[in-house]
Amino acid sequence: MTDTLSSAQARRIALGAQGFSRARPAVPAARHIHRVMDRLGVLQIDSVNVFARSHYMPLFSRLGSYDPALLDRVFLSRTTHYVEYLAHEATFIPIGDWPLWRFRMDRFRERWASPDSWPSQNPRTLAWVQDELRARGPLRPADLRADAPRERGTWWDWDDVKLALEHLWRTGDVAISGRTGFERTYALAEDVIPDAIRSREVPRSEALRELVRRAARSSGVATQSDLADYYRIRDRAAVAQSIADLADAGELLPVQVRGWERGGRPLKAWRHRDAGLPRRIEAAALLTPFDPVVWFRDRALRAFDLDYRIEIYVPAEKRRFGYYSLPVLVGDRVVARVDLKADRASSTLQVQSAWWEPQARPVDDAGRLAEQLALAASWQGLEHVSVSGWGTAADALHDVLTALPSASVRRHVHAREQVA
C-alpha cells in the first residue's frame, strides 16, 4: 500500500530529518555538532568566504550562534572523528565511513589506469610525493613546494604536484590530516585512518545500499533521484536495486507526494521508516546553497518551490539576486533569499539584496528574517547591519531591523541598484 502525503507534510518530514524540528541549544557544544553530523552524514566544504564559508553554515542554521572555533577543533585540527572525501562534493565524513568509499576510490584508480591518463604519464611525480609524505609525515602543499627537486630536470612542475596530491587523495592512498586556516595538510592514508578502519572491506553493493539507506534517513522522504544525488551515486541501476532491497526489508516505505510530478505523472517516492512527521516546524534559519535541504536543485524546486542558481560566475550587471544569495527558511517554507557580505573593516553585515520568494508571507516573515540577520551579524562578531534597496524584501527588512532594540542598522547603496 502506498500512502499519500501533502507537499507540506513532505516538507515537514524532510526538515525534521535534517534536524529543524529540534530547539537550538542554549550553549552549543561539541556533542551538538556530532548530533548534527549524525543527521546530515556529510558536511560540504566550500571556499567562498564573502559571508562565512559554507561548511560553517549548516551548524549555524541548526544550532544558532555557536563558536566557529569549535568547528575548527572538531573538523580541521584533528581527524579523530571526521576526515575529508568526495562523498558529495568535497565533504567532511565520519572517519569510520572511509571503507564505504572504497568503491569510489577504486573507480578513480581504474579510470586512471589507461596509458594516456595523467597518473600513468606522471609516475615519478606520484612516487616523489608519496616518498616525501612517508619520510616526513603530514605536509602542506607549500612544504612540498619548498623542497621541490628542481635539479632533476624538466619533469618538475608545481601544478603537477598539486595534481598528484589530489589524485592520490581520490584513490585513497593519501588522506587529508587537517587544515591550517583553509590550507589542507596531506598525509599517507595509513597515517590518518586507523588500521582497523582502513583494512575493513565493504563490497560495492553493500556500500551502495548503506549509502542509500543513509540518504533516505537524512532526507526523510525522497525520490530515487534525491537519494542518488545525496552521495552523488551515478549508477542509477544500483540505486534502484538498493531501494528495492531496503523496501523489501521494510526500511523504506513507498509514498506519493501531491505535487511531486514529472510530465503530469506522480513521481515514485519513499519515506524512511524512522522519519517522523512533525506537527509543525518552528525554525527560522539562513541556509547555505550547499545545505542538504536545498543542494539538489531539482528537489529544492519540487519540495520548496525554490528555483535557485548560484550567480558567482554571472557578470554583476546580469545578476538577478546577487553574488551568493542564501535561502531563508521560516517554518516549512523557503520565504526569501538574501545576498550577504561581512565587511570586517566597518564591522558591518551588508545585506546587498533581499528578495521574497513566491510562498512568502511578508507581513509575518519579515520579523523572522530580521531576527536571523541580527543573529548572523552577532555570530560573525559584526556590530552593524546595513541594507541596500535592491530587492523586493529590502525595504520591509530595513524597517523591521530598525525596530529591533539590539540592531544597529544602516542604509547603503549597492552597485547593482545603480545599474538598475
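**Exercise 1. The hairpin of β13 and β14**

Task: In this predicted model, find the hairpin that β13 and β14 form, and say which residue in its turn has a positive phi.

Solution:
- Step 1. Start at the turn: two residues separate β13 from β14 in this hairpin, and G331 in the turn has a positive phi of about 65°.
- Step 2. Now follow the pairing. β13 (residues 325-330) and β14 (residues 333-343) run antiparallel, with six bridges between them.
- Step 3. To check the register, pick V328, which has A336 of β14 opposite.
- Step 4. Look for another partner of β13. Strand β12 (residues 284-286) also pairs with β13 in the antiparallel sense, here over three bridges. In that pairing, V330 of β13 faces A284.

A reminder that helps here: strands of a sheet pair through backbone hydrogen bonds, either parallel or antiparallel.

**Exercise 2. The two sides of β13**

Task: Sort the residues of β13 by the way they point, and decide whether they are buried or exposed.

Solution:
- Step 1. Recall the general pattern: side chains of a regular strand alternate between the two faces of the sheet.
- Step 2. Split the strand. S325, P327 and L329 point one way, while L326, V328 and V330 point the other way.
- Step 3. Apply the cut-off: a residue is buried when its relative accessible area is under 20%. On both sides of β13, all of these residues are buried.
- Step 4. Conclude: because six of the six residues of β13 are buried, the strand is largely enclosed by the rest of the structure.

**Exercise 3. A sheet and the helix across it**

Task: Work out the order of the four strands in the open sheet, then place α1 against them.

Solution:
- Step 1. Write down the order, which is β1-β8-β11-β7, with mixed pairing.
- Step 2. Identify the edges: β1 (3-5) and β7 (221-223) each pair on one side only.
- Step 3. Consider the twist. On average, neighbouring strands of this sheet are turned by 45° against each other, direction ignored.
- Step 4. Take one pair in detail. β8 (residues 252-257) and β11 (residues 269-272) are antiparallel and joined by four bridges. Here H272 in β11 is the residue opposite L252.
- Step 5. Add the helix: α1 (residues 7-17) lies across β1, β7, β8 and β11, and runs at about 90° to β1.
- Step 6. Ask how enclosed the helix is. Eight of the 11 residues of α1 are buried, so the helix is largely enclosed by the rest of the structure. Among the buried ones are R11, R12, I13 and L15.
- Step 7. Step past the helix end: G19, which follows α1, has a positive phi near 95°.

**Exercise 4. Two pockets**

Task: Describe the largest pocket by its volume and by the classes of residue in its lining, then do likewise for the second largest pocket.

Solution:
- Step 1. The volume of the largest pocket is about 480 Å³. Its lining has 16 residues, and those closest to the centre are R104, R107, R111, R232 and R234.
- Step 2. Two elements, α5 (102-111) and α11 (204-219), give two or more residues to this lining. The most come from α5, with seven residues.
- Step 3. Sort by class: 10 residues of the lining are charged, five nonpolar and one polar.
- Step 4. Move to the second largest pocket, which holds about 210 Å³ of space. I45, D46, S47, A90, E166, R179, F182 and R184 line this pocket. By class they are four charged, three nonpolar and one polar.

Note on methods: Residues numbered from 1 in each chain as written. Predicted model: local features only at pLDDT ≥ 70, side-chain atom pairs only at ≥ 80, totals over all residues. Heavy atoms only, no water. 1 Å grid on protein atoms, 1.4 Å probe; cavity = no way out; pocket = protein on both sides within 12 Å on 5 of 7 lines; lining within 4 Å. Points joined across faces, edges and corners; volume = space filled by probe spheres on them. Nonpolar A, V, L, I, M, F, W, Y, C, P; charged D, E, K, R; others polar. Pairing = 2+ DSSP bridges. Axes fitted to C-alpha atoms, helices over the stretch in contact; angles between N-to-C directions. Contact = heavy atoms within 4.5 Å. Buried < 20%, exposed > 50% of the residue type's maximum accessible area, 1.4 Å probe, protein only.
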